[in-house]
Amino acid sequence: MAYNLLKGKRGLIFGALNDKSIAWKTAERAYEEGATFVLTNTPVSMRLGTIDKLAEKCDSIVIPADATKVEDLENLIEKGMEFLGGKFDFVLHSIGMSPNVRKGKTYDDLDYNFLMQTLDISAISFHKVLQVCRKLDAIEDWGSVVALSYIAAQRTLYGYNDMADAKAVLESIARSFGYIYGREKHIRINTISQSPTFTTAGSGIMGFDNLVDFADRMSPLGNATAEECADYIVTLFSDLTRKVTMQNLYHDGGYSSMGMSLRAMKIYNEGLEYRDVKKDMRRKKD
Ligand SMILES: NC(=O)c1ccc[n+]([C@@H]2O[C@H](COP(=O)([O-])OP(=O)(O)OC[C@H]3O[C@@H](n4cnc5c(N)ncnc54)[C@H](O)[C@@H]3O)[C@@H](O)[C@H]2O)c1
């Protein structure tokens, strides 16, 4: 159901790779809510993914940019404003990638060149987007910027690897830049800490299936889907949330406030019982 929440608003959306992407779902919802926007991704992901189909569906265009390259961002932002006929009212940073995760390097055996790439792609690119936007005066007064984060920025979660460090930096950038942009132009900057979600980036994490299952059992409302995340993002882009800024907002069905749930405990108990049966069988053999 659409509410015209973004009627007349212009946006810039990073990170739609395919129809599983959180950015893809957000673009669809933003379009339904009356926004016009420019889509962007790296040239490689444009070849591997299906972003052109999304652009067609949303009367949008795709301008390629590697978000770690300032000159790409300058070109994107200038051309984007030209296409839309004005400044952006909202920007979505939905970008994440760790070469260490991709190559199966564990946190106690990181490749440091890869680590720098993880930080640059997944966190510092957010700073670059904001800094270029500010220098080009590309965001309207009372505009809204959102980046996607994960609870591993605060808590240790097995397998999330150096992405945890990147997310901690990302959330800090939202606060530091949120102060500057808020004070000057009433522009708000927030991160959304989303449940584990089956997307290309998500599925790269070690033990991801189990992580999704565990989070779902722990969350009283269950995991938040990519579509639900898009709904939440749309509210943050709308005029209904104009005084929300410099926040890390959990969108996780309650997971972040839980210690142990009955549903998770049941599985744990079943595991213990199974282990006891096996131990018993071994004892009988001895
Ligand atoms: N899927 C999850 O479980 C989950 C949970 C919490 C947060 N997030 C975050 O959500 C965001 C979106 O990820 P997703 O789950 O939709 O997966 P996704 O793989 O669909 O999106 C990641 C995007 O990052 C883009 N990207 C990578 N390097 C880039 C670069 N140099 N410049 C520009 N774009 C680049 C990719 O092309 C891709 O479109 C990421 O920040 C991710 O960490 C995901």
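Here are a few questions and answers about this predicted model.

Reader: Happy to start at the beginning: is strand S1 (residues 10-14) enclosed or open?

Author: Arg 10, Leu 12 and Phe 14 point one way from S1, while Gly 11 and Ile 13 point the other way, and all are buried. Because five of the five residues of S1 are buried, the rest of the structure leaves this strand largely enclosed.

Reader: Which residue of S4 is the bridge partner of Ile 13?

Author: Let's begin with the pairing: S1 and strand S4 (residues 88-93) run parallel and are joined over four bridges. In S4, the partner of Ile 13 is Leu 92.

Reader: And which residue of S2 stands opposite Phe 14?

Author: S1 also pairs with strand S2 (residues 36-40), in parallel and through five bridges. Together with H1, these two strands make a right-handed β-α-β unit. Opposite Phe 14 in S2 stands Thr 40.

Reader: How many residues of helix H1 (residues 22-32) are buried?

Author: Good one to check on the structure: the buried residues of H1 include Trp 24, Lys 25 and Arg 29. Ile 22, Ala 23, Thr 26, Ala 27 and Ala 30 are buried as well. The helix is thus mostly covered, and of its eleven residues the buried number is eight.

Reader: Which element gives the largest share of the shell around the ligand?

Author: Of the 28 residues around the ligand, Ser 21, Ser 45, Gly 96, Ala 201 and Gly 202 come nearest. The elements giving two or more residues to this shell are H1, strand S5 (139-149) and helix H8 (200-203). The largest share, three residues, comes from H8.

Definitions and conventions:
Residues numbered from 1 in each chain as written. Predicted model: local features only at pLDDT ≥ 70, side-chain atom pairs only at ≥ 80, totals over all residues. Buried ≥ 20, exposed ≤ 12 C-beta atoms within 10 Å, placed from the backbone. Near = placed C-beta within 6 Å. Pairing = 2+ DSSP bridges. Right-handed = clockwise from strand over helix to strand, strands pointing away.
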